[in-house]
Amino acid sequence: MKRILLCIIVYLVFLPASAGELDRYIDAALAQKGIPSSPQSDPARLVRRTFLVVTDRIPTSQQTAAYLRNPDRIALVDSLLASEGFVEKQVLKWGDLLRIKSEFPSCMWPNAVQAFNKWLGDAFRANMPYDAFVRSLLLSTGSNFRVPQTNFYRAGNDRSPAKFSADAALLFLGRRKAPVGWEPFFAQVKFKSTKEWKEEILCLNPDAEQKEQAILDGRNINLEPGTDWRQPLAEWLTSKQNRDFARAFANRLWAWLMGRGIIDPCDDMDGGHAPVDAAVLDYLTDRFIASGFDVRALAREILLSDAFSRSTLSVKGNEADDTGFSHYRLDRLTSEQLCDAICDITEIPDLYSSRAPEPFTNFPAGTRANQVCDGTITTPQLDLFGRPSRDVALESSRDNTLDAKQILYLLNSTVIQDKLTRSPYMKQIAGKDRTTAIKDIYMRVLSRPATREEISAFQKWTQGLDPAFRGRRGLESLVWALINSDEFLFVN
Amino acid sequence: MKRAIFVVFALLALGAGAAFGQARSLVYIYLDGGSSQTDTFDPKPEAGANYTGKYKTPIQTNVPGIMIGERLKHLAKIADRYTILRGMCDGTNAHETGHYRMLTGDMTGKDIVYPSYGAMISYKKADSYNNPIFPYICITEASTRFNEAGFLKAWYKPYDTGGKPDAAQFDVSGIYDHRMDDRLLQARRELLGTLTKLGKPVEQTPEVQKAARLREQNYELILGGVREAFDLTTESDSVRNAYGRNNFGQSCLAARKLVERGVLVVMVRFRGWDTHKEHFKRMDQRLDELDAGVSSLILDLEKDGLLDSTIVVVGGEFGRTPLIAFGPPWNGGRGHYGAAFSYLVAGGGFEGGRVVGETDAKGEQVVSRKIYPADLWASVYTLMGIDPLGTVDHPVLGPIPMLPSYGKEGQSNGMLTEIMKVPQQ
């Protein structure tokens, strides 16, 4: 009896503290290599990171303050995963992979781009199971306006079975080359144009002769006349028995949330890159399959792990570990995150317009970079910070490395000066008492309270200024300085 | 095999030790939207009013036998300095495809998106280019019709100046803003330093360290001498007037100043050539601006001794329909036309006073010496010391041909060896 009681006490004390099973696998992997893990991040940094990673937005001052008053992480993660922000984030990520773009080289054109994006948004809002999502893309037929998934087959000049099978292998298995024998599955796919501008109908060529047999997973498959030859591929690919399918997406989602794949690059699964830890990836794969391919549930488990909430600061012994297991990776804000954050802070939106077809279509003011959803529509700053051009379906086409032009833009660009000068927020805050204003700006830009030292350092700096620069321009300088700080530029 | 023979032939024609590597810089004046060949460098007065519209009387240039459009009066006086390419064709009437083909030379129609000429030159010259100013600059804003870096790093995209060259102050994004007082700029730099020390600690990853280094470097750009390269107010009024007091003219002037500073590639993006409607009304203005800007640039480069080391290229993504669309809704406009159009090249080892290629009586088809985009770029690359048969590193495919259409039938017709100078021994 005593022993049982002791067991219960031990269980109650230790197990819940060491969070979930995922962390046990991660901790075991670290322990095996003798790498210590960094402590948990402070709540202010965590709330900012969670917002950015899940929704591509920095939190508002109110959202940060609410979390700091009541740091309920589960509620935070659940509300963000249920928010439109997470839908937008997924539409953006899949838009990159599906190369959704009006003009060259995808040439999907605006109507199809909009229809496809709407379809993706609906699917993610309903948390469509991932296997059903992929089947829907692969098995679509009909008008590219009415059955938007057919646009999966319309990205680019090359509409050959070889290209389709390469795309399917890359997107859904993370393989750089299609397996031998896949091409015949796509041999029936053909397009008919209609009288509507840029409408195309994907249909299955009934005259397609039976090709040499297709090969699937080492087995020969007979493709029967009168059937959709893509069917056997789609069924096998998305089945629970095909672990590689679940594994590829689990790894990709981990990379989206943690900054680096367990196998990296996350879309090169058979390129001979050793996983950081195979057991962790196996565990995520099992969980994903068991959940019935529930993307939100998989994201939730990763986001609630201790690994996700660790500090980005290294401790002695884990400095060299850049896998994200021992401390969270410090990556630059993505192009969309950065451009949108500056718009949110200044309340001056970037303006987007589509040039095809003429006359140009202007997006409503306030449209966010991650809502544009068309690789053709951009701004110079969005391009500058390495937004993917959607020419290829590789994750590496998002270029997050810093360069001199980007820093120059932040330090002294007319765009940022303009936003600060015209900002309604600056106008409003300039009327407030200095200390209040400084505190407000810190919360708004860095999502954390200002320290007393920071407030007095800024006050002191203002005293040394030419009187002409002390007022509102002084406060603009504070926003400018914080936007240029590493705390802002990197996801902490 | 065909390609190999072709290449050997081209190299023989060029002669050993030809103008390879003579040019240091390139100025590409891009007539965005597509300029009419018949109204500019390939007039066809005999085609009749349905073709010529009101530009019925082309003018004689200073080179006997070469006639150009009647509004290009200044350019007519210096035809000995440039060559007109009348055989240009890129086989498309779509802006986005024409733009891509013209800027990359790639007509293979494959799924690989190539870097633009400017990205390619910067990439090839990355090791030898030591200049605080960016290697590839666009005045004032690059088109975003395709990703100019192609499969290379975003770094190779052009640097956009932004701003208005013809304004009282030419604000150059990041480098100069007339509203920003230098004292405040300095003070802000100190503020950033102070607050960084007081802020939360940030892991010193290589990227974070790079950010710190780049900030220091950039302050040299901002507060150092580089912004003088963009300062047009140091030029005399007579010089500025000669280029034309409009954004295009002053952009050409800025391009000259950047070339003086050794910048590799400057694109002047001259917008407004997509004249489906009100063609002639708009052309009156565009052509006058083009005439003043380009002629002044060429003469100035020559005066400064820079024309031999600077290539000037003028043209857009295609030409325009020689036959005027008189019916509604165009009411006298010209449509897109990729089958035949004209380019102008000067300097850097290109001979002047010549015409290459010829179109039919109406300017609709090339009847002799077709010139494809790949031929133009192969010639420019060669003059800049870059082997057009060289490769470029693709992140997945490894080294691939940098100019894949060059030497391919139907996508290439050979380098412009007929106008590439052999330098004096």
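## Close-up views of a two-chain model

**Figure 1. A:Lys89 sits in helix H6 of chain A, which covers residues 84-97.** The model shown in this and the following figures is predicted. A:Lys89 is buried, because 24 other C-beta atoms lie within 10 Å and 20 or more are enough for that label. Leaving aside residues up to four places away in sequence, A:Lys89 touches A:Val54, A:Thr55, A:Asp56 and A:Asn370. A:Ala246 can serve as a distant marker: 157 residues separate A:Lys89 from A:Ala246 in sequence, and their C-alpha atoms are 20 Å apart in space.

**Figure 2. A:Val372 belongs to helix H15 of chain A, residues 369-372.** A:Val372 is buried, with 24 other C-beta atoms within 10 Å. Its contacts, not counting residues up to four places away in sequence, are A:Tyr352, A:Phe363, A:Thr367 and A:Ile377. A:Gly85 lies 287 residues from A:Val372 along the chain, and the C-alpha atoms of the two are separated by 13 Å.

**Figure 3. Chain A as a whole contains 23 helices and nine strands.** Its C-alpha atoms fill a box of roughly 85 × 80 × 35 Å along the principal axes. The radius of gyration of chain A is 25 Å, which agrees with the value near 23 Å for a compact globule of 492 residues. Of these 492 residues, 49% count as buried. Among contacts between residues at least 6 apart in sequence, 68% join residues at least 24 apart.

**Figure 4. Chain A meets chain B through 51 residues of chain A and 56 residues of chain B.** On the chain A side, the elements that give two or more residues are helix H16 (380-384), helix H17 (404-412), helix H18 (414-422), helix H21 (452-463), helix H22 (472-483) and helix H23 (486-489). H17(A) gives the most to this side, with seven residues. By class, the side of chain A that touches chain B has 20 nonpolar, 16 polar and 15 charged residues.

**Figure 5. Chain B as a whole has 11 helices and 16 strands.** The radius of gyration of chain B is 22 Å, close to the 22 Å that the globule rule gives for 425 residues, so chain B is as compact as a globular protein of that length. Its C-alpha trace spans about 75 × 55 × 50 Å along the principal axes. Buried residues make up 54% of the 425 residues in chain B. Of the contacts in chain B with a separation of 6 or more, 73% are between residues 24 or more positions apart.

**Figure 6. Chain B is assigned two domains, domain 1 (2-170 + 237-419) and domain 2 (174-230).** The centres of the two domains, taken over C-alpha atoms, are 37 Å apart. Contact between them involves eight residues of domain 1 and six residues of domain 2. The side of domain 1 that touches domain 2 consists of five nonpolar, one polar and two charged residues.

**Figure 7. An open sheet of eight strands in chain B follows the order E6-E5-E7-E1-E8-E11-E4-E12, with mixed pairing.** Strands of a sheet pair through backbone hydrogen bonds, either parallel or antiparallel. The edge strands, each pairing on one side only, are strand E6 (159-160) and strand E12 (354-356) of chain B. Strand E8 (residues 310-315) and strand E11 (residues 341-346) of chain B are an antiparallel pair with three bridges. Within this pair, B:Val313 has B:Val345 in E11(B) as its bridge partner.

**Figure 8. Helices H5 and H10 of chain B lie against strands of chain B.** Helix H5 (residues 117-124) packs on the sheet and touches strand E1 (25-31), strand E5 (136-139) and strand E7 (265-270) of chain B. The direction of H5 makes about 170° with that of E7(B). Helix H10 (residues 279-303) of chain B lies across E1, strand E4 (82-88), E8 and E11 of chain B, and runs at about 170° to E8(B).

**Figure 9. Strand E15 (residues 391-394) and strand E16 (residues 398-401) of chain B run antiparallel and are joined by four bridges.** The connection from E15(B) to E16(B) is a hairpin through three residues. B:His394 stands opposite B:Gly398 in E16(B).

Note on methods:
Residues numbered from 1 in each chain as written. Chains lettered and ligands numbered in written order. Predicted model: local features only at pLDDT ≥ 70, side-chain atom pairs only at ≥ 80, totals over all residues. Buried ≥ 20, exposed ≤ 12 C-beta atoms within 10 Å, placed from the backbone. Contact = placed C-beta atoms within 7 Å. Rg over C-alpha atoms; globule rule 2.2 N^0.38 Å. Domains from an automatic or database assignment. Nonpolar A, V, L, I, M, F, W, Y, C, P; charged D, E, K, R; others polar. Pairing = 2+ DSSP bridges. Axes fitted to C-alpha atoms, helices over the stretch in contact; angles between N-to-C directions.
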